[in-house]
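This report describes selected features of one protein chain. Please examine the sequence and the structure before reading further.

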Amino acid sequence: MCDTHSRTAWIQGWDGIDEPVWHQLRMPYRFVLLGAPGVGKGTQARLLGEALGSCHLSTGDVFRAASEHIAATPAVKLAKAAMKRGDLVPDDLVISTVYERSQCLQCPAGFLLDGFPRTLQQAQWLDERLGQLGVMLDAVVHYELPTEQIVERLCGRRTCEDCHTVYHEMTRPPARADICDDCGGRLVLRADDQPVVVRVRMDAYLKTTEPLKEFYGDQGLLIPVRATGTPEEVLERTLQALGISTSPDDGRMLASSR
Ligand code: AP5
């Protein structure tokens with residue numbers, strides 16, 4: 001990284017980059033986005049990334065890219081099988097994947113961690129790693145949405161099989177049915193959005209990830225945000241909850257508390 005809109009270093013690993021472009025932003029924001037599958041974390045990470053300049057780092061994206069493009073090593077096979085079932089990828093594999101990309105956590109543009117951490121072990125490791133890197137989290141945003149709306153979002157989601165842009169049949173339809181606006185690729189239902197797999201993902205979330213609310217609540221970092229309404233309304237609510245406003249001077253987003 002860190003061209004703020006290029007996610008190559010994160011997805012391919014740092015070695016995928018010849019010459020990182022370091023953006024000199026005055027105020028990097030470092031957030032974790034928590035919430036159930038389909039609540040809209042990826043959508044908000046994209047919008048927040050555009051608004052704040054922070055890099056969108058999704059572990060789900062890394063594992064999907066690895067299972068599509070990397071030769072099927074035992075680790076990739078393990079991750080792919082877990083995702084297919086809707087289970088979590090084992091902690092040691094997730095942690096080594098993020099460890100390899102630690103430089104993205106030091107990005108001067110800041111970061112938006114989407115889908116990581118997801119277990120207590122991952123959260124404790126992240127705290128330790130950020131401490132070693134001399135970087136601090138600003139906040140952990142927890143998106144909340146009733147289950148029936150989560151199911152509607154997941155059932156209607158369509159993803160470009162080439163560039164992975166996310167659409168929704170009702171709320172973010174492409175201009176031409178089943179064709180990606182950005183690259184012309186085919187839009188498909190993600191394999192783990194099948195109802196039977198969604199149930200396993202929701203169980204994994206409730207059992208393993210929801211307890212992180214207490215972990216981050218105890219550190220004073222947790223910010224709950226209602227995820228109802230349009231993506232733009234949720235973005236607005238998130239920025240308000242984080243105390244971030246638009247500066248009239250330069251049009252950039254500034255934290256009122258800084
Ligand atoms: P991951 O890719 O992280 O999936 P997830 O957490 O289940 O989240 P989703 O990507 O399904 O949903 P989202 O919240 O990002 O919603 P989105 O914005 O797309 O992980 C996949 C798998 O990888 C895991 O199951 C696990 O196996 C493995 N994995 C990844 N990280 C791991 C880790 N750390 N540890 C262990 N295993 C790991 O929105 C959904 C839909 O709703 C879209 O169609 C969107 O257009 C629409 N939408 C969004 N917002 C709105 C809105 N406000 N109004 C209307 N529609 C909306």
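In this predicted model, T147 is found in helix α8, which spans residues 147-156. T147 counts as partly exposed because its relative accessibility is 46%, and partly exposed residues lie between the limits of 20% and 50%. The C-alpha atoms of T147 and V39 are separated by 8.9 Å, although these residues stand 108 residues apart along the chain.

The interior may be considered next. In soluble globular proteins, nonpolar side chains tend to be buried together. The two cores described here are set out below.

| Core | Number of residues | Residues named |
|---|---|---|
| Largest nonpolar core | 35 residues | L105, L113, L126 and Y216, with the most contacts inside it |
| Another core, apart from the largest | 26 residues | Y29, A36, L47 and A227, among others |

Helix α7 (residues 120-133) supplies the largest share of the 35-residue core, namely 5 residues. Beyond its neighbours within four places in sequence, Y216 is in contact with L34, P117, A123, L126, D127, L137, V140, L221 and L222.

Helix α7 also packs against another helix. The axes of α5 (residues 91-100) and α7 come within 10 Å and cross at roughly 25°. Angles under 35 degrees count as roughly parallel, and α5 and α7 are therefore roughly parallel to each other. Their crossing is right-handed. On the α5 side, D91, V94, I95, V98 and Y99 take part, and they meet Q121, Q122, W125 and R129 of α7. By class, this contact comprises 5 nonpolar, 2 polar and 2 charged residues.

Methods
Residues numbered from 1 in each chain as written. Predicted model: local features only at pLDDT ≥ 70, side-chain atom pairs only at ≥ 80, totals over all residues. Heavy atoms only, no water. Core = buried A, V, L, I, M, F, W, Y, C linked by side-chain atoms within 4.5 Å. Buried < 20%, exposed > 50% of the residue type's maximum accessible area, 1.4 Å probe, protein only. Helix = DSSP H or I, 4+ residues; strand = E, 2+ residues; numbered from the N terminus. Contact = heavy atoms within 4.5 Å. Axes fitted to C-alpha atoms, helices over the stretch in contact; angles between N-to-C directions. Parallel < 35°, antiparallel > 145°, perpendicular 65-115°, else oblique. Left-handed = near helix turned anticlockwise from the far one by under 90°. Nonpolar A, V, L, I, M, F, W, Y, C, P; charged D, E, K, R; others polar.
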